[in-house]
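User: Could you take a close look at the pockets for me, starting with the runner-up in size? I would like to know what lines them and which parts of the fold supply the residues.

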Amino acid sequence: MSALEIGLVLIGFLLPLILLGLHIGVALMLLSFIGVWLMRGNFDLATRLVSLTFYGGISDYIFATIPMFVLMGLLISVSNVGKDTFDVAEWALRKVKGGLGVATVLSNTVFAAVTGISIASAAVFTRVAVPEMIRHGYQPKFAVGAVAGSSILGMLIPPSLLLIIYGVLAEESIGRMFLAGVIPGLIMALAFMAMILVVARLMPNAVVVPGHQSRIEHTETIVSAARKLVPLAALVVLVLGGLYSGYFTPTEAGAVGAAGALVVTLLRGKLNGSNARQIIRETGYISVGILFLLIAAGMYSRMLTMAGIPMEVGRLIGELGLGAYGFLAVYVLLVLLLGMILDSTSILLIVVPIAAPIAKTLGLDLIHFGIITVIAVEIGLLTPPFGISAFTVKSSLDDDKIKVETIFLGAFPYVLIMLAVLALIALVPATTTWLARGLM
């Protein structure tokens, strides 16, 4: 068998191994090792590839970004900043039809700017927003759909773990990837809010239980609202302002953000011995898991290059005459299908090492390509049967009457909006590249 044939056979084994329960990182490393061994006929060379990848795969300073932003997100999650943000948005939008839904999206948008983890957003706002919406007569399907749908903003609006992982895999600047996510993230948030307002106006029974009368009473004032928003606003300005101004590198921004989040959590009296240990433990688990996956992806990428698969696929696309946008359409469809059965990180690890070199060959901007990839991957968080955001909402609910299928149905309109925004961004590259290429 040729090197190309060996590589293609091993790619064919990857998905079955994952579906059978083998950890994605272990599967990538095992197949990469076997691939190099078979292609070169040298067991020692394959062993050296493993040792070199482990030593050099995550030795770069930029990888410290991951634990720093994870720590910041976890600290913010326990500090009640999410609840305060929702309270203020609820008060500001109390006279708007569907206002609590808009408040949920708005709160998730702001919260995303300091967490970077969709799952954290889904868990926080399930506990904060869903009971409040149901108490005020909102349909349970609408309430859980709004939380699940808007939670995906955590992986698009920077800082975002998926943008960091894509930047590493595609060898693109993480700072530029963060900048590229700003405009698409805001477009997505505005589209979600517009959809809620339109549905609340045209189909009010889909939003509020018919005949339910509710008045949202608040003792909130402009002063108290401003006081609640100050910690979050300060963190956003500190982290993103320092990053976009060039004063901080992404790693330094993560460290400053984690320190700032620690100060906020301490000042609010939300940190104790028990949850401090839990935060440190979770930071370690999440960070080590991601870093291990990146090491495995590095091996996988080297094996694919050695087999010549990206070049061969690029040549085939050229012969078929698909062009850049034809390739993009097929690629997005593949990612959407994978999103139904795999988690976000696994999809990136599988497709980016193959697709990024091809996209570059076809003249696509890898930053623009990265945002399209992340949006397509995030749609998978809301689609059955995997839909991890929907399952996170379900696991965080106190109400057993709300089934997971109700959450998927409630999130479906958000999937349609995401597909529309994805098409817009694919057709208008400036939505991603204007800030990323202009400011850095």
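**The second largest pocket and its bigger neighbour in rank**

Analyst: Happy to. In the second largest pocket, 25 residues form the lining, and those nearest its centre are Val168, Leu169, Ala170, Glu171 and Ser301. Bear in mind that this is a predicted model. The elements that each give two or more residues to this lining are H9, H13 and H16. H13 provides the largest share, eight residues. By class, the lining of the second largest pocket has 14 nonpolar, six polar and five charged residues, and the space inside comes to about 600 Å³.

Now for the largest pocket, which holds about 1,000 Å³ of space. Its lining counts 42 residues, and Ile117, Ile119, Ala120, Ile286 and Ile388 are the closest to the centre. Several helices supply at least two residues each to this lining: H1 (3-19), H4 (65-78), H5 (81-92), H7 (118-135), H9 (161-170), H13 (273-307) and H16 (344-361). H13 again gives the most, here with ten residues. The lining of the largest pocket divides into 27 nonpolar, eleven polar and four charged residues.

To put the two side by side, H9, H13 and H16 each give two or more residues to the lining of the second largest pocket, and H9, H13 and H16 are also among the helices that supply at least two residues to the lining of the largest pocket. For docking set-up, then, here are the centres once more: Glu171 and Ser301 are among the residues nearest the centre of the second largest pocket, while Ile286 and Ile388 are among the closest to the centre of the largest pocket.

How values were computed. Residues numbered from 1 in each chain as written. Predicted model: local features only at pLDDT ≥ 70, side-chain atom pairs only at ≥ 80, totals over all residues. Heavy atoms only, no water. 1 Å grid on protein atoms, 1.4 Å probe; cavity = no way out; pocket = protein on both sides within 12 Å on 5 of 7 lines; lining within 4 Å. Points joined across faces, edges and corners; volume = space filled by probe spheres on them. Helix = DSSP H or I, 4+ residues; strand = E, 2+ residues; numbered from the N terminus. Nonpolar A, V, L, I, M, F, W, Y, C, P; charged D, E, K, R; others polar.
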